[in-house]
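Trainee: I would like to go through a structure slowly, one question at a time, and learn how each answer is reached.
Mentor: Then let us look at the model together and begin.

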Amino acid sequence: MDTSTPESPPPALLAAALAARARAHAPYSQFAVGAALMDEQGRIHAGCNVENAAYPEGLCAEAVALGQLVLAGGTRITAVLVAADAATPITPCGGCRQKLREFAGGGAVPVWSADLRRVLARHTLAELLPASFGPDQLGPR
């Protein structure tokens, strides 16, 4: 049974992000992040950050989750949850905001931030990436 509301995510979304976070490869920053995305079919796709000794070559949790979504045949994101052990809510970085926008189909997609126990904040993708550029700008004129 889905117990989510517009203000709270489905419990499975938080569980998936936390499980992914537990698998993060973050030996340099020690800052493990998990992300979970819900697609248009209600399926959940999770990812964790994967750091690399060549620092800029690492992968953000959201990017890994997007790869899982695409691999599973998903085409649209309906919800995002990012989890980390932080004193304040974390949100996707700028690059990941743009990557999420590609599959969001608009700015109303909720993006929740959680610590290791609970959701701390909720934003929309439009709030995090105002006046965004996306696939709709590349359509016919």
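**Reading a predicted model**

Mentor: Tyr-55 counts as exposed, because its relative accessibility is 61% and the cut-off for exposed is over 50%. Please keep in mind throughout that this is a predicted model.

Trainee: Which residue forms the aromatic pair with Tyr-55, and is the pair stacked or edge-to-face?
Mentor: The count of aromatic pairs in this structure comes to one. Its two rings, those of Tyr-28 and Tyr-55, have centres 5.6 Å apart and planes at 70°. Planes over 60 degrees apart count as edge-to-face, so the partner is Tyr-28 and the pair is edge-to-face.

Trainee: How many residues apart in sequence are the parts that this pair ties together?
Mentor: Tyr-28 belongs to the loop between α1 and β1, while Tyr-55 belongs to the loop between β2 and α2. Because the two rings sit in these two loops, the pair ties together parts whose separation in sequence is 27 residues.

Trainee: Is Tyr-28 exposed or partly exposed?
Mentor: The relative accessible area of Tyr-28 is 42%. Residues between 20% and 50% count as partly exposed, so Tyr-28 is partly exposed.

Trainee: How many residues of strand β1 are buried?
Mentor: Strand β1 covers residues 33-39 and is mostly covered. Val-33, Ala-35, Leu-37 and Asp-39 point one way from the strand, whereas Gly-34, Ala-36 and Met-38 point the other way, and all are buried. In a regular strand the side chains alternate between the two faces of the sheet. For β1, the number of buried residues is seven of seven.

Trainee: Which strand pairs with β1 over seven bridges?
Mentor: β1 has five bridges to strand β2, residues 44-48, and these two run antiparallel. Its pairing with residues 77-84 is also in the antiparallel sense, and there Asp-39 has Ile-77 as its bridge partner. The strand that pairs with β1 over seven bridges is β3.

Trainee: Which residue in the turn of the hairpin formed by β1 and β2 has a positive phi?
Mentor: Within the paired strands, Leu-37 stands opposite His-45 of β2. Four residues lie between β1 and β2 in this hairpin, and the one in the turn with a positive phi, of about 85°, is Gly-42.

Trainee: Which residue meets Asp-39 in a salt bridge?
Mentor: The structure holds four salt bridges, and in one of them a side-chain N and O at 2.8 Å link Asp-39 with an arginine. Asp-39 is buried because its relative accessible area is 1%, whereas its partner counts as partly exposed because the relative accessibility there is 27%. That partner is Arg-43.

Trainee: Which residues are linked in a network of salt bridges?
Mentor: Asp-115 forms a salt bridge with Arg-117 at 3.9 Å, N to O, and another with Arg-118, where the closest N and O atoms are 3.2 Å apart. Asp-115 counts as buried because its relative accessibility is 8%; Arg-117, at 63%, is exposed, and Arg-118, at 42%, is partly exposed. The network links Asp-115, Arg-117 and Arg-118.

Trainee: How many of the residues that line the largest pocket are nonpolar?
Mentor: The largest pocket holds about 230 Å³ of space. It is lined by 18 residues, and the closest to its centre are Val-33, Asn-49, Leu-59, Cys-60 and Ala-61. By class the lining has four polar and two charged residues, and the number of nonpolar residues is 12.

Trainee: How many Å apart in space are Ala-54 and Val-119?
Mentor: Ala-54 has its place in the loop between β2 and α2, and it counts as partly exposed because its relative accessibility is 38%. Ala-54 and Val-119 are 65 residues apart in sequence, and from C-alpha to C-alpha their distance is 32 Å.

Trainee: How many Å separate the C-alpha atoms of Ala-12 and Ala-131?
Mentor: Ala-12 lies in helix α1 and is partly exposed, with a relative accessible area of 42%. Along the chain, Ala-12 and Ala-131 are 119 residues apart, and the separation of their C-alpha atoms is 31 Å.

Terms used:
Residues are numbered from 1 along each chain as its sequence is written. This is a predicted model: local features need pLDDT of at least 70, side-chain atom pairs count only at pLDDT 80 or more; totals for chains, interfaces and linings use all residues. Side-chain values use heavy atoms; hydrogens and water are left out. Buried means under 20% relative accessible area, exposed over 50%, partly exposed in between (1.4 Å probe, protein chains only). Two strands pair if DSSP finds at least two bridges between them. Rings of Phe, Tyr and Trp (its six-membered ring) pair if their centres lie within 6.5 Å; planes under 30 degrees apart count as stacked, over 60 as edge-to-face and the rest as tilted. On a 1 Å grid over the protein atoms alone, a cavity is a set of points where a 1.4 Å probe fits but cannot get out, and a pocket is an open set with protein on both sides within 12 Å along at least five of seven lines; lining residues have an atom within 4 Å of a point. Grid points are joined across faces, edges and corners, and a volume is the space filled by probe spheres set on the points. Ala, Val, Leu, Ile, Met, Phe, Trp, Tyr, Cys and Pro count as nonpolar, Asp, Glu, Lys and Arg as charged, and the others, Gly among them, as polar.
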